[in-house]
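Student: I have a structure here and would like to talk it through with you. Could we go over what the terms rest on as we go?

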Protein chains: 2
Amino acid sequence: MTPEHDSSRHDRASVADVALSLLDEVGLADLSMRRIAARLDVQPSALYWHFSSKQELLAELSDRITASLRAADGDVLALARRIRDALFTYRDGAELVLSSSALGLGSSHAQSALEDALRRADADDPPDRAVALMHFILGHATLVQQRMHADSYGAASPTAGDDATAGLDRVFDLGIAALAGSARSRSVS
Amino acid sequence: MTPEHDSSRHDRASVADVALSLLDEVGLADLSMRRIAARLDVQPSALYWHFSSKQELLAELSDRITASLRAADGDVLALARRIRDALFTYRDGAELVLSSSALGLGSSHAQSALEDALRRADADDPPDRAVALMHFILGHATLVQQRMHADSYGAASPTAGDDATAGLDRVFDLGIAALAGSARSRSVS
């Protein structure tokens, strides 16, 4: 078997599948191309057969995490909660989507869905508001996800308990209502 | 000279000084205790003479980055811009402050200053609003800082140019005004 044949044993989708399950195990900081290749039992160079760079692979993972939000209905708050929950589905999901978004890579299902919801609610300036909402959701979710992970290892300070989590949900709803900026969104709870 | 004497050649402040300048050179992902120790010409174990963990050292850096905001006056928007600019002072500054904040480590100069500014503006619910503002500022600044760094290496997509940067400033101001929630803050530009 030539190396080319060996590297194409896996297709783009199966590489992404493995990378996503490895993300859950080791976290974003330790998700290296070397480690993904080892899990697939191929050389790291074989991965570049399917993805031109690690950033392109991470963008694909980001798209998968937000794929369920493609054709979203509902009001801004309900949608924002679904985005947050999608980011929480995989370890470091929020940080990964934030990074891909910073690089302008991957699609923007979540942001487009927010913009649509803002238009349905007659909000002013849907495009800028959708970006501001994404920045808030990504900042909030990254922070909460890091705290939850630290809690599970006993690394966070004792102040971060159940009360803190309830407080964070309240802060999230307040932030979304304020950024959505329409009377209709504000009255939704 | 005993190892103890050798390790105390540096005090807590000088270790933090070196770590902060190294952060600027290598970024947060590569800021290891090993690397900081090498720069100081000591063994990594000597650093634990001054900081009980890497997280405690990062919390000290986070405090330094936000120290200038301790006794801040001005309205919410002016203060929010000063916080953003402080985060931009060091490479990955926003990500570092976000992580320390997630762990409940370090002080919270910036959040306290926001809470004071919200009270001066007669905003509803200053404590929750201050947290929501911090999550927005940290999410926005982390994203913008990663994009700027990628731009300097040519790694971002071509859509992220000068226009994108101007758009991001507009999004920041919109987000802060909405989250500040008072008529007074909204009218400030």
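Student: On the other side of H2(A), which residues are called exposed, and what makes them so?

Tutor: They are Ala13(A), Ser14(A), Ser21(A) and Glu25(A). A residue is exposed if 12 or fewer other C-beta atoms lie within 10 Å of its own, buried if 20 or more do, and partly exposed in between, with C-beta atoms placed from the backbone. A word on the source: this is a predicted model, where local features need pLDDT of at least 70, side-chain atom pairs count only at pLDDT 80 or more, and totals for chains, interfaces and linings use all residues. Residues are numbered from 1 along each chain as its sequence is written, while chains are lettered from A and ligands numbered from 1 in the order in which they are written.

Student: Which residues of H2(A) are buried?

Tutor: Val15(A), Ala19(A) and Leu23(A) are buried. They cover an arc of only 80° around the axis, which puts them on the same side of H2(A). The arc is that of the directions from the helix axis to the C-beta atoms.

Student: Why would such a spacing put residues on one side?

Tutor: An α-helix has 3.6 residues a turn, so residues three or four places apart point the same way.

Student: What covers the buried residues of H2(A)?

Tutor: The cover includes helix H3 (33-40), helix H4 (44-47) and helix H5 (54-66) of chain A. Helices here are DSSP runs (H or I, at least four residues), numbered from the N terminus.

Student: How does the reach of H2 of chain A compare with the expected span?

Tutor: The expected span is 1.5 Å times one less than the number of residues. H2 (residues 12-26) has 15 residues and reaches 21 Å from its first C-alpha to its last, close to the 21 Å expected. Just after H2(A), Gly27(A) takes a positive phi of about 85°.

Student: Why is the relation between chains A and B called a two-fold axis?

Tutor: A rotation of 180° with 0.0 Å of shift along its axis superposes chain B on chain A, with RMSD 0.0 Å. That is the relation of a two-fold axis. The copies are superposed by least squares on the C-alpha atoms of residues with pLDDT of at least 70 in both. In chain B, the C-alpha of Gly139(B) is nearest the axis, 1.7 Å from it.

Student: How many residues does each chain bring to the contact?

Tutor: Chain B gives 35 residues and chain A gives 35 residues, where contact means C-beta atoms, placed from the backbone, within 7 Å. H9(B) supplies the largest share of chain B's side, 14 residues.

Definitions and conventions. Helices (H or I, at least four residues) and strands (E, at least two) are DSSP runs, numbered from the N terminus. Two residues are in contact if their C-beta atoms, placed from the backbone, lie within 7 Å.
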